[in-house]
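Subject: Handing over a structure, with notes on what was found

Dear colleague,

I am passing this structure on to you, and I hope the notes below will help you find your way around it. Please keep the sequence and the model open while you read.

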Amino acid sequence: MRKSEKEFTEQNLFNIKKLFYDKLAMNEPPTVTRSDSSFYPPILYPSAQTKKSMNRRRKYRKAIYIPVTAALSLCLVTGAAASVGIIDLPSILHFLGADRIGILQPVHQVSEDQGIRMEVIGAVRDGDTTEIYVSLSDLTGHRIDDTLDVYDYRVTGGNANNAQIIYYDEANKTAIVRFLIQGKVSKNRITVQINTLMSGTSLQDGYNVQVDWEKLLQEKQNNSYEILERDRISGLGGTTDIQLETDPIPVLHQDVTNVPVEGIDWMHISNIGFVEGKLHIQINPNNEIGEYNHGYFYFTDEQGQKLDIPEYSVSYGHYMKDGVGYGGDYEEFVYDLSAVDELDKLRIQGSFTSISEVVQGNWKTTFNLSQNALSKTGNIQLDTNGGLQANVTLSPVGVTLTGEALSMIRMEDLSIEVHLKDGTKLTGESGFLQLDQDLIKWISPKTIPVNDVSYLLINGEKVTLQDR
């Protein structure tokens with residue numbers, strides 16, 4: 001951090017901190033309270049859920065709820081404190097509990113690019129999980145807002161990751177993002193790098209898609225199609241039993257139609273029709289921002305009630321950008337309408353998320369982070385027939401579940417209780433993240449005193465713990 005040319009004294013620091021805490025007191029909402037033994041209330045600015053094709057890094061996101069208790073004066077204290085070697089994490093991360101801040105190691109490494117400042121504030125490693133708090137501030141404009149999505153990033157170590165905005169200070173145009181990295185880290189040297197930020201996210205739902213439904217039904221058996229070659233497929237999602245390696249994947253010919261969706265200027269319907277009894281809707285994002293925007297179509301009945309129609313999607317095609325080849329230019333949505341009795345009464349609608357701001361740059365910092373190795377382990381059976389078994393690891397940060405087929409579990413169906421030896425407990429039905437197909441992490445709202453834990457209850461099942 002650049003050194004001030006003026007002499008900085010302890011009195012200067014005292015005055016700055018007094019102003020900060022006075023401001024904090026004036027902005028404290030009187031109705032927001034926090035219990036030390038319960039989960040924080042769900043006050044959060046969630047990040048955009050960006051759909052990514054298979055050739056991009058997949059990041060699972062699920063909101064972890066942390067309360068917003070006051071306006072954040074990050075620049076006021078951080079620069080002053082750091083300049084005299086004093087790190088005041090409570091004043092920067094004041095929306096976290098004191099016990100949580102107590103296990104964080106101060107970092108305060110800064111990187112600036114494109115007029116945006118990234119600062120790694122503090123971090124902790126509990127063994128297999130690295131938790132990092134990063135602030136992002138716009139120094140020149142309004143590109144950081146409460147919809148911020150850290151779209152493309154890298155953190156060394158681990159095999160699964162998650163980036164979640166947990167606090168936004170509108171006055172200072174500053175967002176706090178928490179990175180969670182799961183997996184063993186062989187070295188204490190950690191690098192955080194961000195390449196793409198997105199903001200200005202808006203969700204637009206209920207669009208009526210103006211297609212000639214009667215004509216589509218008449219031509220149901222006459223549409224021609226092609227079978228995709230494997231190297232053209234960049235993504236496959238939704239509910240399907242297709243085996244990507246072996247099964248033929250039929251798609252419509254490209255760019256047969258140009259049907260606009262009113263109000264959505266970043267894509268159009270480039271073909272629509274039936275293939276082997278299933279309705280295919282092909283879209284073609286037609287400008288640069290279309291690479292980041294996303295959406296889907298759905299069906300309603302005549303009364304406007306949304307119908308549950310089995311569907312999947314496939315991304316394919318190639319295009320060049322700045323001399324680099326990319327995949328996934330086209331996306332085709334496939335719907336199985338075989339269970340619908342009156343096809344002529346269906347209505348097609350759309351739900352789309354649009355991004356207004358994409359900032360590409362190179363924000364990168366490297367720092368040392370030692371490991372907190374304190375943990376206990378156990379195991380649990382999550383279903384009645386024994387098919388879903390998981391290893392359980394308890395750490396000061398939370399609980400990790402690892403095992404095959406954990407992707408079959410819905411996060412909202414999980415609950416946990418941490419029972420302490422003194423009879424108290426931490427209870428929660430939120431805070432679970434699917435970090436990988438076979439890995440689920442529960443983040444505790446307060447630091448867990450591992451040596452004081454007697455046992456866990458996960459979905460009502462007792463987990464006996466042993467020292468690792």
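The notes that follow take up one strand and its partners, then a sheet elsewhere in the chain, and then the salt bridges.

Please bear in mind throughout that this is a predicted model.

A good place to begin is strand 23, which covers residues 416-420 and includes E417. This strand is mostly covered, in that four of its five residues are buried. It has antiparallel partners that can be taken in turn: strand 24, made up of residues 425-428, pairs with strand 23 over four bridges, and strand 27, made up of residues 453-458, is joined to strand 23 by five bridges. With strand 24, strand 23 forms a hairpin that has four residues between the two strands, and G423, which lies in the turn, has a positive phi of about 95 degrees.

H419 is a useful residue for tracing these pairings, since its bridge partner in strand 24 is K425, while in strand 27 H419 stands opposite Y455. The side chain of H419 also makes a polar contact with the side chain of E417, at 2.7 Å. In a regular strand the side chains alternate between the two faces of the sheet.

Which residues does E417 touch, once those up to four places away in sequence are left out? The list consists of K425, L426 and T427, together with Y455, L456 and L457. If you look further along the chain, you will find E461, which is 44 residues away from E417 in sequence, with 9.8 Å separating the C-alpha atoms of the two residues.

Turning to another part of the model, there is an open sheet of three strands, arranged in the order 4-7-19 with antiparallel pairing. Its edges are strand 4 (149-155) and strand 19 (357-368), each of which pairs on one side only, and from one strand to the next the twist averages 15 degrees. Strand 7, which runs over residues 189-199, is joined to strand 4 by six bridges, and one position to look for is Y153, whose bridge partner in strand 7 is I194.

As for charged side chains, how many salt bridges does the structure hold? There are nine, and I describe some of them here. One of them brings together the side chains of R232 and E226, with 3.2 Å from N to O; R232 counts as buried because its relative accessibility is 17%, which falls under the 20% limit, whereas E226, at 23%, counts as partly exposed.

Another salt bridge is formed by the side chains of K345 and E342, at 3.1 Å from N to O. Here K345 is partly exposed, with a relative accessible area of 31%, and E342 is likewise described as partly exposed, with a value of 45%.

R410 and E412 also form a salt bridge, their closest N and O atoms being 3.5 Å apart. The relative accessible area is 48% for R410 and 49% for E412, so each of these residues counts as partly exposed, exposed being reserved for values over 50%. Finally, salt bridges that share partners join E112, R117 and E119 into one network.

With best wishes

Technical notes:
Residues are numbered from 1 along each chain as its sequence is written. This is a predicted model: local features need pLDDT of at least 70, side-chain atom pairs count only at pLDDT 80 or more; totals for chains, interfaces and linings use all residues. Side-chain values use heavy atoms; hydrogens and water are left out. Contact means heavy atoms within 4.5 Å. A polar contact is a pair of N or O atoms within 3.5 Å; within protein, one must be able to donate a hydrogen and the other to accept it, and residues adjacent in sequence count only if both atoms are side-chain atoms. A salt bridge is a side-chain nitrogen of Lys or Arg within 4 Å of a carboxyl oxygen of Asp or Glu. Buried means under 20% relative accessible area, exposed over 50%, partly exposed in between (1.4 Å probe, protein chains only). Two strands pair if DSSP finds at least two bridges between them. Axes are lines fitted to C-alpha atoms, for helices over the stretch in contact, and angles run from 0 to 180 degrees between N-to-C directions.
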